[in-house]
Amino acid sequence: MFFLLACSDSLMVDYEPYPAAGSDPDTASGIDTAEEALDEQWSNARLVVESPLSASFIPYGADASFVAKVYDAEGTLTDFSDIVWSSDVDTDWTVTGNDLVSNGLDVGTHSITAEAALPNGDRLASTVGGVLVQSIYAGVYVGELNINVSGEYDGQEVAVGCSGPLTLVVDAYGEVVTGEAGCLISLFGYDLDSTYNFDLQNDDGDLSGEAAIDLSWFELPVDTEGSLSEDGELEGGFTADVYGYLALDGEYTASLLTRDLSTAE
């Protein structure tokens with residue numbers, strides 16, 4: 001704006017420019033100062049995921065900690081807490097916070113990402129990969145099956161046995177147990193390559209189902225029961241009556257070899 005000052009024989013002009021359109025001359029400098037302060041506080045900040053760690057295991061349905069921290073450029077921990085978590089596998093799962101507990105992740109091998117939208121407009125993200133979520137029971141179990149056959153056939157007393165390798169797979173949700181075992185039985189002068197196919201259900205550590213016995217010349221489905229511990233130990237047994245002549249008793253034990261179910265595919 002212009003101010004005209006009249007004197008006896010001269011004219012003086014004092015010019016003051018208008019402030020930029022849309023700005024308040026009383027607050028514009030304050031906004032700039034505030035933005036500079038935010039940039040100074042948050043520029044070069046770092047987001048660090050402390051939990052879960054890469055390649056960690058989270059039991060399906062169990063509480064798990066999700067902890068992430070934002071550090072400023074000097075390495076000092078800030079109080080920023082508006083961190084959003086997401087998964088590349090379970091796209092319906094998302095939680096917010098920098099130190100929280102969640103049990104909502106579905107089974108799978110996840111890449112977990114933590115994101116922070118900082119007050120100065122910067123966005124930070126950090127991802128941890130290979131986070132395995134599945135039942136505490138899930139995995140591949142290996143062990144041994146022991147078979148004893150006893151009885152009398154055609155006036156001849158029978159008492160033979162065998163043992164062989166056992167492999168069982170518990171699915172990712174820890175509900176279905178399948179697998180097989182085999183052993184060679186010498187019976188009546190013949191070597192019988194017997195096979196046992198397992199189809200079980202796991203109810204919180206209690207196993208029940210069927211062990212289908214294949215003795216070459218016939219198949220015999222039998223009921224079997226057992227147990228499965230959270231420590232990765234499995235055991236069970238069954239009995240079968242072979243046409244009223246022979247009694248077949250089976251016992252099996254196995255231990256967790258790996259949680260990686262892809263090795264069983």
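**Cavities, rings and one salt bridge**

Let's start with the cavities. The count comes to two cavities of 30 Å³ or more. One caution before I go on: this is a predicted model.

Take the largest cavity. Its space is about 70 Å³. Which residues line the largest cavity? The lining is made of V149, I185, L187, L192, L215, W217, F218, V242, L246 and L248. By class, that lining gives 10 nonpolar residues, no polar ones and no charged ones. Two strands deserve a mention here. β13, residues 176–187, and β18, residues 246–258, each supply at least two residues of this lining.

Now the second largest cavity. Its volume is about 40 Å³. The lining reads I58, P59, Y60, G61, A62, A64, F66, S102, N103, G104, L105 and V133. Here the split is eight nonpolar, four polar and no charged. At least two lining residues come from β4, residues 57–59, and at least two from β5.

Keep F66 in mind. F66 lines that second cavity, and it brings us to the aromatic pairs. How many aromatic pairs does the structure hold? Eight. I'll show two.

First on my list, F66 with W85. The ring centres sit 5.5 Å apart and the planes meet at 70 degrees, so this pair is edge-to-face. The cut-off for that class is over 60 degrees. Where do the partners sit in the chain? F66 is in strand β5, residues 64–71, while W85 is in strand β6, residues 83–87. They are 19 residues apart, so the pair links distant parts of the chain. Buried or exposed? F66 has 0% relative accessibility, so F66 counts as buried. W85 also has a relative accessible area of 0%, and is buried.

Next, Y196 with F238. This aromatic pair is tilted, with 6.1 Å from centre to centre and 35 degrees between the planes. Y196 belongs to strand β14, residues 190–203, and F238 to strand β17, residues 233–242, so the pair ties together parts that are 42 residues apart in sequence. Y196 is buried, because its relative accessibility is 0%. F238 comes in at 5%, so F238 counts as buried too; the limit is under 20%.

This pair has company. Y196, F198, F238 and Y252 form one aromatic cluster.

One more ring, this time with a charge. R259 lies over the face of F57, and the distance to the ring centre is 4.2 Å.

Last topic: salt bridges. How many does a search of the whole structure find? One. The partners are K69 and E50, whose side chains meet at 3.7 Å, N to O. This pair, too, links distant parts of the chain: K69 is in strand β5 and E50 in strand β3, residues 46–51, with their positions 19 residues apart in the numbering.

What about burial for K69 and E50? K69 has a relative accessible area of 19%, so K69 is buried, with the limit at under 20%. E50 has 35%, so E50 is partly exposed.

Let me pull out strand β5 to finish. F66 of β5 pairs with W85 of β6. K69 of β5 links to E50 of β3. And β5 supplies at least two residues of the second cavity's lining.

How values were computed:
Residues are numbered from 1 along each chain as its sequence is written. This is a predicted model: local features need pLDDT of at least 70, side-chain atom pairs count only at pLDDT 80 or more; totals for chains, interfaces and linings use all residues. Side-chain values use heavy atoms; hydrogens and water are left out. Rings of Phe, Tyr and Trp (its six-membered ring) pair if their centres lie within 6.5 Å; planes under 30 degrees apart count as stacked, over 60 as edge-to-face and the rest as tilted. Helices (H or I, at least four residues) and strands (E, at least two) are DSSP runs, numbered from the N terminus. Buried means under 20% relative accessible area, exposed over 50%, partly exposed in between (1.4 Å probe, protein chains only). A charge sits over a ring if NZ of Lys or CZ of Arg is within 6 Å of the ring centre and within 35 degrees of the ring normal. A salt bridge is a side-chain nitrogen of Lys or Arg within 4 Å of a carboxyl oxygen of Asp or Glu. On a 1 Å grid over the protein atoms alone, a cavity is a set of points where a 1.4 Å probe fits but cannot get out, and a pocket is an open set with protein on both sides within 12 Å along at least five of seven lines; lining residues have an atom within 4 Å of a point. Grid points are joined across faces, edges and corners, and a volume is the space filled by probe spheres set on the points. Ala, Val, Leu, Ile, Met, Phe, Trp, Tyr, Cys and Pro count as nonpolar, Asp, Glu, Lys and Arg as charged, and the others, Gly among them, as polar.
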